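Me: I have a model open at the bench and would like to know what stands behind the labels. Could you take me through a few of them?

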Amino acid sequence: MYKLIALDMDGTLLTPQGQITPRTHAAIAAARAKGVTVVLTSGRPLEGMTSYLAELGLTGPDDYVICYNGALVQRVADQHIIRSQLLTGRDASAIAHLADELGVNVHGFSVRQGLISPKVSRYTEHESELVDMPINLVDFATLPADERIMKVMMIDEEPLLSRAIAQLPAEPYERYTVVRSSPYFLEFMNKLSNKGTGVAALAEHLGITADEVIAVGDAGNDRHMIEYAGLGVAMGNATDEIKQLAQHTTSRNDDEGVAKVIEQFVLNA
């Protein structure tokens, strides 16, 4: 029996219009009524998830959320931290310097300063709107070495970012968790942080084993949790990499893919 369902948000739980369908809402409510824990697992900060948590009623003392691609796992009601593995200002400065050499833009999330960026670019504005956070202009070279940084992102148009990724040296992959969450976002986290370690930490906290976990996602930042879960599920709109890793592929996010997974493996099992 599955006891924990980890759901990516963008491209998975949410439709292309950023909505949760009534069928998906009902399936999640029915799974919770059976005692299954449902956790939203996103690259977003908590601020960009709160309205959806409220919509689904995932705001009680037994509800949890996984933010920043697993860098932060916390209880929703009081924001008690279950697990936190972060970067530093020194890391952010180094990644920003590398982004500059590769000719792409960068922004990040600081515990103290929120969404930070050396300049306002198209995709930083997009991020600001997506997560409902203002942009704070910060020269990353001036960040204190011990500044607590959730994650740093190289951001740019798909051709530019793909070219930068092709030129990215091996060292950042050895030093950080590096995942591509969309065609225009390449994300850098603490080496110990990813959605898989985040889901694993929550499962351990709840006394749940990996084979009792369902993880559903569509992009490169979902890879680790799909590999970890007893049932890793790719959306119909997922990348080929994720589909190859997953044990099951469901419908697209515009065709009730999440609802169908919950109905098949939890409600009708």
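Me: Happy to start with Met 153: what makes a residue count as one of its contacts?
Reply: Contact means heavy atoms within 4.5 Å. Leaving aside neighbours within four places in sequence, Met 153 is in contact with Asn 105, Val 106, His 107, Phe 109, Glu 127, Phe 185, Leu 186 and Glu 187. A word on the source: this is a predicted model, where local features need pLDDT of at least 70, side-chain atom pairs count only at pLDDT 80 or more, and totals for chains, interfaces and linings use all residues. Residues are numbered from 1 along each chain as its sequence is written, and side-chain values use heavy atoms, with hydrogens and water left out.

Me: Why is Met 153 called buried?
Reply: Buried means under 20% relative accessible area, exposed over 50%, and partly exposed in between (1.4 Å probe, protein chains only). Met 153 has a relative accessible area of 0%, so it is buried.

Me: And why does Glu 187 get the label buried?
Reply: Its relative accessible area is 3%, so Glu 187 is buried too.

Me: What makes the link between Glu 187 and Ser 181 a polar contact?
Reply: The term needs a pair of N or O atoms within 3.5 Å; within protein, one must be able to donate a hydrogen and the other to accept it, and residues adjacent in sequence count only if both atoms are side-chain atoms. The side chains of Glu 187 and Ser 181 are joined at 2.5 Å, so the distance fits the cut-off of 3.5 Å.
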